[in-house]
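Me: I have a structure to go through before setting up some calculations. Could you take me through the ligand sites and a few other features?

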Amino acid sequence: MDFIGPHRVLSTPTSIVISGTLFLAAFLFYRWLLPKPIAGIFYNEEATKSIFGDIPSMLAHLKQSQALVDWLLQHNTRHQSPIVQVFADLFGKPMVVISDYREIQDIVMRRTKEFDKPDMISDMFYGINEDHHTVKVSNDEFRYQRKLMQDLMAPQFLHNIAVPQLHSNFKDLVDMWSEKMRLSEGRPFSVKHDIYITGLEAIWGAVFGNQGSETVTRKQIDVLSRQKNVQIPSSTDDAVEFAEVAAPPAFDAVLKLTDSLEHVGKSPFPRTLGFAMRYFPSISKHVKVKDRAVSEEIAKAEKRMAENKGDTNKMTNAVDHMLRREQIGAEKQHRAPDYQSKVMVAELFGLLIAGHDTTSTTLCWAVKFLAADQAVQSKLRSTLQSLYPAARSENRFPSAQEIATTPSNYLDACIEEIIRCGGTAGVLTRTTTTDVIILGHAIPKGTRIVMMSHGGGVMEPPFKIDDKLRNETYLKSDSRRTGDWDTENIQEFNPERWIVNGEFDASAGPHIMFGAGPRGCFGRKLAYLELRLAIVLIIWTFELQDVPEKYAGWEAIDQLTHGPIDCYVRLAKA
Ligand code: HEM
Ligand SMILES: *[C@@H]1O[C@H](CO)[C@@H](O)[C@H](O)[C@H]1NC(C)=O
């Protein structure tokens, strides 16, 4: 008992000091975790009172919607500002969200030293494709890797190799739908899976070569053509469901891995999740299958290379060109070529992912927009009929070369408008490499800039911005000549908006769906050809009739891309 007195006297101040220090430390730590806004840029006040920032709001949104792009854009709308900040990176820095076409274009095209790397794609690829060039800043490695692909968007490759390949794949798609049209007897059916499979077959074919009659689509045609009938619902407004032919394991792996990116894109800690995902058995098993398949294709290409003895005329697909670039590059660097390198596998896989998902998603939008607008669809069909008179009189499909090389203002306008309205790639991202100024606001180095390619000026009326707030790079540029869309009908699907004085004009008004600049979309030219071939063959062959309302919703899902949840058709012969 004697000890209690002095002990108490001694311990009280000590414990106060200790607990006080702990409390202060905890408080400071808490304060440190709280979002720290960048001065002068609008944000959600509520968000700065919680260490979780805007994440609860984001998660609440994701409970009722599968899209995320609209949640980001809401911030610009709420604050009526082309520049806002959100706190969606757990314990991380604020992200700056920009919704203004002209500012976005300036950042990605002309201020490239200040802004690098498409961060969101980079985060997504970091998990399952970390050696891909999108994960790297614009350094020598990045340039070397991009150079591996340099032949693939050259006219020779596109026209001699890609176009015939794509034509054959999309003809298969149309043949398969002809069988489905016969079996569905006027009922709607979903074409989403068909489009993604054909999209993958098309890019797979361009990258690794023709798989002959062994494609999933051909197998499906084979099965369907032998069927006299299928189970159909009694109401002509109810959809028919077709059994799907199983995709080969490598295809399945690419599709599953692409789907897995949705979780990374919607995570408050994308990199950590991406990294962890490599070790999830459900993911790693697909990574293994994919690696093996890509590696086998490289081995086949090495064999062809030996046989062709460097004759570039004998190269029939992308992988051959990429191996040749590695050979040339290795020679320059005085080292032995490494065809089976991680980098080569990553670039090839990157082409498969980036090439199939984006184009397929845009094609899904195409089908929906054209079915929903019968007037545009008829006009497009009659345009095509007069565009390819030989095909019409010979009662055949327009050929690959006819489609790829016959110019058409209205077809171009339809494709451009589908891309603009679909919003397949809803956001572009970059990180600041230094302290920068955007629209008059100082933004620190290392800040993620999220740019809404579906926002101000493109699909939303632009915010009023004083030119004085823009960088001189914009003020001096000739892209100021790009027109503005009429704000009244900016959200309407209307291909005519691209026609100026009777001709298609790519600068009639804004869209920036492929990004731009040194980190812009690599596959843009191929994408246009794909869309052209697919849309022509579909509209040539079928009338896309009205789809019952329950299947015709416009709700979107954000995965790697921003696509429609439902994509149904009801077909008749054109
Ligand atoms: C309609 C179809 C497509 C759309 C809307 C699209 C859109 C985009 C966008 C927005 C980016 C990021 C650009 C930026 O941040 O500035 C991108 C990057 C990329 N895209 Fe596409 N893309 C499409 C088709 C394709 C195709 C067919 C390929 C492959 C052949 C492809 C390969 C790539 C690659 C490799 C990148 C990374 C950029 C780089 O090389 O650094 N894309 N794409
Ligand atoms: C304008 O952009 C250029 C090029 O990126 C940059 O060097 C310059 O610092 C920018 N000016 C301002 C005021 O931000």
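Reply: This is a predicted model, and the exchange below takes up its ligands, a salt bridge and a surface patch.

Me: Start with the metal. Which protein atom is the donor of the iron atom of ligand 1?

Reply: The only protein donor is the SG atom of Cys521, at 2.3 Å from the iron. Cysteine 521 sits in the loop between strand 10 (503–504) and helix 20 (524–541).

Me: And how many residues surround ligand 1?

Reply: There are 28 of them, and the closest are His133, Arg146, Thr358, Arg430 and Cys521. By class, this shell comprises 16 nonpolar, nine polar and three charged residues.

Me: Which side chains place an N or O atom by an oxygen atom of ligand 1?

Reply: Two arginines can be named. For arginine 146, a side-chain N or O atom is 2.8 Å from an oxygen atom of ligand 1; for arginine 430, the corresponding distance is 2.7 Å. The backbone also takes part, with a polar backbone atom of alanine 516 at 3.4 Å from an oxygen atom of the ligand. Two or more residues of the shell come from each of helix 6 (140–148), helix 14 (342–372), strand 5 (427–432) and helix 20.

Me: Which element gives the most to that shell?

Reply: Helix 14 does, with six residues.

Me: Now the other ligand. Which residues are around ligand 2?

Reply: Arg111, Glu114, Ile437, Asn471 and Thr473 are around ligand 2. In terms of class, one is nonpolar, two are polar and two are charged.

Me: What are the distances from ligand 2 oxygen atoms to the side chains of Arg111, Glu114 and Asn471?

Reply: An oxygen atom of ligand 2 lies 2.6 Å from a side-chain N or O atom of glutamate 114. The value is also 2.6 Å for asparagine 471, while for arginine 111 it is 3.4 Å.

Me: How much of ligand 2 does the protein bury?

Reply: The protein buries 56% of the 360 Å² that ligand 2 exposes when taken alone.

Me: Changing topic: how many salt bridges does a search of the whole structure find?

Reply: The search finds 37. One salt bridge joins the side chains of arginine 102 and aspartate 484, with an N to O distance of 2.9 Å. The pair links distant parts of the chain, 382 residues apart. Arginine 102 belongs to helix 4 (residues 101–110), and aspartate 484 to the loop between helix 19 (472–475) and strand 9 (499–500).

Me: Why can such side chains pair at all?

Reply: Side chains of opposite charge can pair when their charged atoms come close.

Me: Last point: which residues form the nonpolar patch on the surface?

Reply: The patch is formed by Phe23, Leu24, Phe27, Leu28 and Tyr30, which together have about 530 Å² of accessible area. Of these residues, leucine 28 is found in helix 1 (residues 4–33).

Methods. Residues are numbered from 1 along each chain as its sequence is written. Chains are lettered from A and ligands numbered from 1 in the order in which they are written. This is a predicted model: local features need pLDDT of at least 70, side-chain atom pairs count only at pLDDT 80 or more; totals for chains, interfaces and linings use all residues. Side-chain values use heavy atoms; hydrogens and water are left out. A residue is near a molecule or strand if one of its heavy atoms lies within 4 Å of it. A polar contact is a pair of N or O atoms within 3.5 Å; within protein, one must be able to donate a hydrogen and the other to accept it, and residues adjacent in sequence count only if both atoms are side-chain atoms. Accessible areas come from the Shrake-Rupley method with a 1.4 Å probe; for residues, only the protein chains shown count as cover. Ala, Val, Leu, Ile, Met, Phe, Trp, Tyr, Cys and Pro count as nonpolar, Asp, Glu, Lys and Arg as charged, and the others, Gly among them, as polar. Patches are made of residues with over 30% relative accessible area and no salt bridge: like charges are joined within 9 Å, nonpolar side chains (Val, Leu, Ile, Met, Phe, Trp, Tyr) within 5 Å. A salt bridge is a side-chain nitrogen of Lys or Arg within 4 Å of a carboxyl oxygen of Asp or Glu. Helices (H or I, at least four residues) and strands (E, at least two) are DSSP runs, numbered from the N terminus. Donors are N, O and S atoms within 2.8 Å of the metal (3.2 Å for Na, K and Ca); water is not among the atoms, so sites may look incomplete.
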